[in-house]
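Take a look at the fold below. We will go from the overall layout to the core, then to the charged pairs and the surface.

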Amino acid sequence: FVLTTKVYFGEGRLRQIGNICGDFQMKRVMVVSDEHVSKLEPMQELLQDLEKAGIQYDTFFEVPSDPDV
C-alpha cells in the first residue's frame with residue numbers, strides 16, 4: 001500500500017475536484033469542515049462538482065472553527 005501526496009492549487013482547481021477524485025478512482029468521499037465554511041459558495045461549488053462527476057459524498061460540518069489542541 002502506497003499513498004503519495006499530490007497537491008493541487010491555483011485558480012479553478014476547486015471546480016476540478018470531481019475529475020481529480022475520478023483520477024484516483026474514488027467513488028465516495030467525506031467532506032469535513034466547520035459550519036461557517038460549509039455555508040460559503042466555494043463549498044457549494046465543491047459539492048456540485050462532486051455530484052456532476054458522480055462521486056458520492058458524506059459531509060461532516062461540525063468541526064470547531066478554531067479548536068484547542
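**A walk through the model**

Val32 is partly exposed, because its relative accessible area is 49%, a value that falls between the 20% and 50% cut-offs. The residue sits in strand β1, which covers residues 28-34. Keep this strand in view. The model is a predicted one.

Start with the layout. The protein chain holds 3 helices and 2 strands. Read from the N terminus, the order is α-β-α-α-β. The C-alpha trace spans about 35 × 30 × 25 Å along its principal axes. Of the 69 residues in the chain, 20% are buried. The accessible surface comes to about 5900 Å². Carbon and sulfur atoms account for 52% of that surface. Consider contacts between residues at least 6 apart in sequence: 73% of them join residues at least 24 apart.

Now go inside. In soluble globular proteins, nonpolar side chains tend to be buried together. Which residues make up the largest nonpolar core here? There are 8 in all: Cys21, Val29, Val31, Met43, Leu46, Leu47, Leu50 and Ile55. Two elements, β1 and α3 (41-52), each give two or more residues to this core. Helix α3 gives the most, with 4 residues.

Ile55 is a core member worth following. Set aside residues up to four places away in sequence. Ile55 then touches Gly18, Cys21, Gly22, Met26, Lys27, Arg28, Val29 and Leu50. Cys21, Val29 and Leu50 in that list also belong to the core.

Return to strand β1, this time at Ser33. Is Ser33 buried or exposed? Ser33 counts as buried, because its relative accessibility is 10% and the cut-off for burial is under 20%. Its contacts beyond four places in sequence are Ser38, Met43, Phe60, Phe61, Glu62 and Val63. Met43 is also part of the largest nonpolar core. Phe60, Phe61, Glu62 and Val63 fall within strand β2, residues 56-63.

Next come the charges. Side chains of opposite charge can pair when their charged atoms come close. How many salt bridges does a search of the whole structure find? The search finds 3.

Take Asp58 and Arg28 to begin with. Their closest N and O atoms are 3.0 Å apart. Asp58 lies in strand β2 and Arg28 in strand β1, so this salt bridge ties together parts 30 residues apart in sequence. Asp58 is partly exposed, at 36% relative accessibility. Arg28 also appears among the contacts of Ile55.

Another salt bridge joins Arg15 to Glu45, with 3.9 Å between the closest N and O atoms. This pair links distant parts of the chain as well: Arg15 is in the segment before α1 (17-23), Glu45 is in helix α3, and 30 residues separate them. Arg15 counts as exposed at 51% relative accessibility. Glu45 is partly exposed, with a relative accessible area of 23%.

The remaining pair is Glu35 with Lys39, whose closest N and O atoms are 3.2 Å apart. Lys39 is exposed, with a relative accessible area of 61%.

Finish on the surface, back at Val32. Which residues form a nonpolar patch with Val32? Met30 and Phe60 do, and together the three have about 290 Å² of accessible area. Phe60 thus has two roles to trace: it contacts buried Ser33, and it is part of this patch.

Key
Residues are numbered from 1 along each chain as its sequence is written. This is a predicted model: local features need pLDDT of at least 70, side-chain atom pairs count only at pLDDT 80 or more; totals for chains, interfaces and linings use all residues. Side-chain values use heavy atoms; hydrogens and water are left out. Patches are made of residues with over 30% relative accessible area and no salt bridge: like charges are joined within 9 Å, nonpolar side chains (Val, Leu, Ile, Met, Phe, Trp, Tyr) within 5 Å. Accessible areas come from the Shrake-Rupley method with a 1.4 Å probe; for residues, only the protein chains shown count as cover. A salt bridge is a side-chain nitrogen of Lys or Arg within 4 Å of a carboxyl oxygen of Asp or Glu. Buried means under 20% relative accessible area, exposed over 50%, partly exposed in between (1.4 Å probe, protein chains only). A nonpolar core is a set of buried Ala, Val, Leu, Ile, Met, Phe, Trp, Tyr and Cys residues joined through side-chain atoms within 4.5 Å. Contact means heavy atoms within 4.5 Å.
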